[in-house]
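Work through the exercises below with the structure open beside you. Try each task before reading its solution.

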Amino acid sequence: MARATDQVPDYPFLGYTELHLDPRLDEARRSGRLTRVRLPYEGEAWLATRYRDVRKVLTDPRFSRAAAMEPDVPRQTPDPPFVSTIMDVDRPEHGRLRRLVAVAFTERRIDGLRPYVREVAHRLIDDMLRQGSPADLTQALALPLPMTVICRTLGVPLADRAEFRRWTESLVALRKITAEEFRTVVDALEAYLRNLIRHRRQQPTDDLLSALVQARDEGSRLTEQELLSFGVTLLAAGFETTASHIASSTYLLLTRPGLWAGLDNEPDRMAATVEELLRFVPLNGGTGLARVAVEDVEFDGVTVRAGEAVFVSTISGNRDEEAFPDADTFRLDRDPEPHLAFGWGPHRCLGARLATMELHEALVALRERVPTLRLAVPAGNVGWKTGTLLRGPRELPVTW
């Protein structure tokens with residue numbers, strides 16, 4: 001049975017630059033086994049970095065998300081989690097919640113949003129072109145597009161989006177805030193959502209929040225707290241992640257020779273480009289949500305004992321040569337294993353279809369409207385986010 005050595009690296013690994021992974025992730029993955037790591041609080045855990053190991057942890061019912069909510073589980077924050085969401089429960093409760101909220105993310109509903117997303121993208125690009133170059137693409141398109149879309153899908157007035165931006169920034173920040181400070185942010189967001197939910201119950205509309213309020217599964221509805229928790233999750237995971245992906249993907253296309261010039265708006269070609277962007281572009285520094293083994297589980301020479309925590313690095317799994325030959329190269333000619341950008345298994349991101357569609361429409365609109373787009377500064381001068389769970393350009397200066 002493998003166990004920790006005298007030298008256990010601190011996790012998360014944040015020694016990354018641009019779109020490269022921290023070298024310690026590559027080293028761990030190439031070792032061919034789970035790695036022992038030390039978290040900032042509550043000690044050591046295992047880290048899965050290979051594609052097949054990540055998928056195993058995310059699908060095997062012997063690993064529990066609910067158990068990871070306990071106060072003695074290794075974690076990144078000084079205080080244990082106190083807000084439980086759909087991501088923090090196990091089967092069968094997770095299945096009930098997922099069936100209820102899935103009604104808001106059907107293919108038909110997301111496809112029905114596509115014309116609106118396209119309209120917003122073109123309107124934002126109109127504004128950018130009108131103001132002239134250079135422009136900051138992060139502020140001009142990457143941030144306002146998913147924010148506008150999430151406000152529309154939840155039925156949130158656009159006038160309130162600045163407040164929403166402040167709340168979501170706090171929810172994904174890595175800076176050390178107390179549980180009380182974090183609770184204040186969540187309370188403010190929940191109070192706002194509670195008011196919206198009350199209005200949707202009285203006067204249903206055609207937005208996602210109304211669909212969640214009305215959702216039923218064999219006579220069961222989402223409780224008030226479940227609605228609130230899901231709203232918080234959707235805002236934190238559905239806006240900031242998409243904004244970062246749009247900015248990082250555009251950066252990659254503009255900095256790799258020939259990619260922007262060769263970008264083809266032909267539907268199948270663009271779809272392949274978006275999928276490869278989702279695989280290749282890392283959205284974090286290798287962090288993830290812990291899972292706790294409820295019984296002993298074997299991994300190629302490593303035994304994870306019952307009660308031990310395991311973290312997974314999906315961005316490392318997406319660079320696994322075993323699953324994606326020539327994995328560190330951006331290629332459109334692959335027929336790869338499905339990527340892990342949205343996780344895997346029962347907890348796979350419900351908003352995956354929406355996020356993919358937004359990235360697709362943003363790039364199609366940019367390529368169509370600004371074919372001569374290029375960076376306005378050397379690639380090395382682009383500033384990247386710090387102190388946050390998500391990676392991406394803080395500003396992306398472009399010209400045309």
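**Exercise 1.** Is Thr-138 buried or exposed?

*Solution.* The model is a predicted one.
Step 1: take the relative accessible area of Thr-138, which is 5%.
Step 2: compare this with the cut-off, where buried means under 20%. Thr-138 is therefore buried.
Step 3: place the residue. Thr-138 belongs to helix α5, which covers residues 137–142.
Step 4: look at the surroundings. Leaving aside residues up to four places away in sequence, Thr-138 touches Leu-143, Pro-144, Ala-247, Pro-393, Arg-394, Glu-395 and Leu-396. With Pro-393 there is also a polar approach: the side chain of Thr-138 reaches the backbone oxygen of that residue at 3.5 Å.

**Exercise 2.** Which strands stand at the edges of the sheet β4-β10-β9, and why is one side of each left without a neighbour?

*Solution.* Step 1: write down the order. Three strands make an open sheet, β4-β10-β9, with antiparallel pairing.
Step 2: read off the ends. β4 (135–136) and β9 (374–375) are the edge strands; each has a single partner strand, so one side of each has no neighbour in the sheet.
Step 3: check one pairing. β9 and β10 (residues 397–399) run antiparallel and are joined by two bridges. Within this pairing, Arg-374 stands opposite Thr-399 of β10.

**Exercise 3.** Why is there no bond between the sulfurs of Cys-151 and Cys-349?

*Solution.* Step 1: recall the term. A disulfide is a covalent bond between the sulfur atoms of two cysteines.
Step 2: find the closest cysteine sulfur to that of Cys-151. This sulfur is in Cys-349, 18 Å away, which is too far for a bond.
Step 3: repeat from the other side. For Cys-349 the closest cysteine sulfur is in Cys-151, again at 18 Å and too far for a bond.
Step 4: compare with the cut-off, which asks for sulfur atoms within 2.5 Å. The count of disulfides is zero.
Step 5: add the accessibility. Cys-151 is buried because its relative accessibility is 1%, whereas Cys-349, at 32%, counts as partly exposed.

**Exercise 4.** How many aromatic pairs does a search of the whole structure find?

*Solution.* Step 1: the search finds six aromatic pairs.
Step 2: describe one of them. Tyr-51 and Phe-324 are edge-to-face, with 5.4 Å centre to centre and 90 degrees between the planes. This pair links distant parts of the chain: Tyr-51 is in helix α2 (residues 51–59) and Phe-324 in the loop between α13 (314–317) and α14, 273 residues apart. Tyr-51 and Phe-324 are both buried.
Step 3: classify another pair. The ring centres of Phe-280 and Phe-330 are 5.9 Å apart and the planes stand at 90 degrees, so this pair is edge-to-face. Here helix α12 (residues 267–280) holds Phe-280, and the loop between α13 and α14 holds Phe-330, 50 residues apart. Phe-280 and Phe-330 are both buried.
Step 4: look for a cluster. Tyr-11, Phe-13 and Phe-311 form one.

**Exercise 5.** Against which helices do the buried residues of α12 pack?

*Solution.* Step 1: identify buried residues in α12; among them are Met-270, Val-274, Leu-277 and Phe-280.
Step 2: find the partners. The buried residues of α12 pack against α11 (240–255) and α14.
Step 3: examine α14. Of the 18 residues in α14, 15 are buried, and the helix is mostly covered.
Step 4: check the spans. α12 has 14 residues and reaches 20 Å from first to last C-alpha, close to the 20 Å expected. α14 (residues 352–369) reaches 26 Å, close to the 26 Å expected.

Terms used:
Residues are numbered from 1 along each chain as its sequence is written. This is a predicted model: local features need pLDDT of at least 70, side-chain atom pairs count only at pLDDT 80 or more; totals for chains, interfaces and linings use all residues. Side-chain values use heavy atoms; hydrogens and water are left out. Helices (H or I, at least four residues) and strands (E, at least two) are DSSP runs, numbered from the N terminus. Buried means under 20% relative accessible area, exposed over 50%, partly exposed in between (1.4 Å probe, protein chains only). A polar contact is a pair of N or O atoms within 3.5 Å; within protein, one must be able to donate a hydrogen and the other to accept it, and residues adjacent in sequence count only if both atoms are side-chain atoms. Contact means heavy atoms within 4.5 Å. Two strands pair if DSSP finds at least two bridges between them. The expected span of a helix is 1.5 Å times one less than its number of residues. Rings of Phe, Tyr and Trp (its six-membered ring) pair if their centres lie within 6.5 Å; planes under 30 degrees apart count as stacked, over 60 as edge-to-face and the rest as tilted.
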